[in-house]
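Q: Please take a close look at how the helices of this chain pack against one another. I would like the contacts set out residue by residue where that can be done.

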Amino acid sequence: MEYRIALLKGDGIGPEITESAVQVLETVGARFGHRFVFEPYLIGGAAIDAVGEPLPDKTVEGCLASDSVLLGAVGGPKWDALPADMRPEKALLGIRAALGLYMNLRPAKLFPALKGASPLREDLTAQGFDILIVRELTGGIYFGEHGTRTGRYGEEAFDTECYSVYEIERIGKAAFEAARKRSGRLVSVDKANVLESSRLWRRTMHRLAESYPDVAYSDLYVDNAAMQLVRDPQQFDVIVTSNLFGDILSDEASQLTGSIGMLASASLGETKRGLFEPIHGSAPDIAGKDLANPAAMILSGAMMLRYAFGLADEADAVENAVDAVLARGCHTADIVGDSGVRPLSGSAMTAELLRELGGQRAGSARRY
Ligand code: IPM
Ligand code: MG
């Protein structure tokens, strides 16, 4: 089979980690008999520099015409002073909206080899944890009414959180279905003790729960959820939440796994075409130094194989290779922890993965 992949490298470490992912995907393709055709498009600061806007029409059209989209990261200090509509981040929100990607899956799994890199006490990581955060991605405060005005105290700015029953139901159903395929537990996170939008969120989730009696459902307020994540991450299976809360909780969860450099994500909508990107940013401080951990990007590639193309064996092969390489003690600087091992560069880590992929046989280990 041939698959067309729109490649949005973006800024900072984006180009180096997407290069790693391309190499890994090509190796998997060669092994399983698929051809991946990568078509690069501009996005973020790189697009601002080249054509004067963060999300050129050509990029959106290219993504719409592709089978799937692989994205590195956008943003950096160079573009921080630009007006809101011209910022690289605007491109990210724009492409998610343009492709209708309302569902963002962010798995946070503790790799056994990385227990030492987690900031949690040993007894809290002993059993490991495997959490799937289902983040609503095209609604809420990110896309609500916003602006500046003159108020009682002079200049003020506002952003509004708004959710429709329709939006809550579609992300809720996705989360219940995901929980069904995993260990059958779902926690919905909101702030229903304060926010009207959260009260509608909670009512809608409760109504949905009646159709999923096989899923053990509960709610948590977001402040409590943030605390429970560090207190006892093993209690969680699937978490469903709004755009903003999902953004914050997924960064928190990532750190529990040792490094944000390990967390992949899949953004999906009604069509099979998804957008796959690490949850981390463009890390301008280490860009171009070959220090970045390519794992989150490579694991995002694995999620693409699984979700966009339905290539489960191929996705397993990539994920197993990451497991195996970590277990052999190959760690980039962000995940060496207190192990005392010498950190690998991003390209050396990629080379280890390619070697591993060349030799190993596919098996099935992951559930997401
Ligand atoms: C993420 C990022 C983005 C978000 C930013 C860069 C706009 O933090 O994907 O988590 O908030 O969605
Ligand atoms: Mg974020």
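A: What follows goes through the helix packing, beginning towards the end of the chain and then turning to two other places. The model is a predicted one.

Helix α10 covers residues 295-307 and helix α11 covers residues 312-327. Their axes come within 7 Å and cross at roughly 160°. Because of that angle, α10 is roughly antiparallel to α11, the cut-off for this class being over 145 degrees. The handedness of the α10 and α11 crossing is left-handed. On the α10 side, Ile 298, Leu 299, Ala 302, Leu 305 and Arg 306 make the contact, and on the α11 side it is made by Ala 312, Glu 314, Ala 315, Asp 316, Val 318, Glu 319 and Val 322. By class, the residues in this contact of α10 with α11 are eight nonpolar, four charged and no polar.

Taken by itself, α11 has 16 residues. From first C-alpha to last, α11 reaches 22 Å, which is close to the expected 22 Å at 1.5 Å a residue. Of the 16 residues in α11, 12 are buried, so this helix is largely enclosed by the rest of the structure. The buried residues of α11 are Glu 314, Ala 315, Asp 316, Ala 317, Val 318, Glu 319, Asn 320, Ala 321, Val 322, Asp 323, Val 325 and Leu 326. After α11 comes Gly 329, which has a positive phi near 90°.

Helix α10 also meets helix α1, which is made of residues 14-32. The axes of α1 and α10 come within 8 Å, with a crossing angle of roughly 45°. At that angle α1 is oblique to α10. The crossing of α1 and α10 is right-handed. From α1, the contact takes in Ile 17, Thr 18, Ser 20, Ala 21, Val 24, Leu 25 and Val 28, while α10 contributes Met 297, Ile 298, Gly 301, Met 304 and Leu 305. These residues of the α1 and α10 contact divide into nine nonpolar and three polar, with no charged. Ile 298 and Leu 305 of α10 take part in the contact with α1, and both are also in the contact with α11.

A further helix pair is α6 with α7. Helix α6, residues 165-181, has 17 residues and spans 24 Å between its first and last C-alpha, close to the 24 Å expected at 1.5 Å a residue. Buried in α6 are Glu 167, Ile 168, Arg 170, Ile 171, Gly 172, Ala 174, Ala 175, Phe 176, Ala 178 and Ala 179. The elements that the buried residues of α6 pack against are β4, β5, β8, α7, β9 and β10. With α7 the packing angle is about 45° and the axes of the two helices are 9 Å apart. This makes α6 oblique to α7, and α6 passes α7 in a right-handed crossing. Val 165, Ile 168, Glu 169, Ile 171, Gly 172, Lys 173 and Phe 176 of α6 meet Leu 200, Trp 201, Thr 204, Met 205, Arg 207, Leu 208 and Ala 209 of α7. Nine nonpolar, two polar and three charged residues make up this α6 and α7 contact.

Finally, Asp 49 lies in helix α2, residues 45-51. Its relative accessibility is 44%, so Asp 49 counts as partly exposed. Leaving aside residues up to four places away in sequence, Asp 49 touches Lys 78 and Trp 79.

Terms used
Residues are numbered from 1 along each chain as its sequence is written. Chains are lettered from A and ligands numbered from 1 in the order in which they are written. This is a predicted model: local features need pLDDT of at least 70, side-chain atom pairs count only at pLDDT 80 or more; totals for chains, interfaces and linings use all residues. Side-chain values use heavy atoms; hydrogens and water are left out. Axes are lines fitted to C-alpha atoms, for helices over the stretch in contact, and angles run from 0 to 180 degrees between N-to-C directions. Helices (H or I, at least four residues) and strands (E, at least two) are DSSP runs, numbered from the N terminus. Angles under 35 degrees count as roughly parallel, over 145 as roughly antiparallel, 65 to 115 as roughly perpendicular and the rest as oblique. A crossing is left-handed if the near helix is turned anticlockwise from the far one by less than a right angle, and right-handed if clockwise. Contact means heavy atoms within 4.5 Å. Ala, Val, Leu, Ile, Met, Phe, Trp, Tyr, Cys and Pro count as nonpolar, Asp, Glu, Lys and Arg as charged, and the others, Gly among them, as polar. The expected span of a helix is 1.5 Å times one less than its number of residues. Buried means under 20% relative accessible area, exposed over 50%, partly exposed in between (1.4 Å probe, protein chains only).
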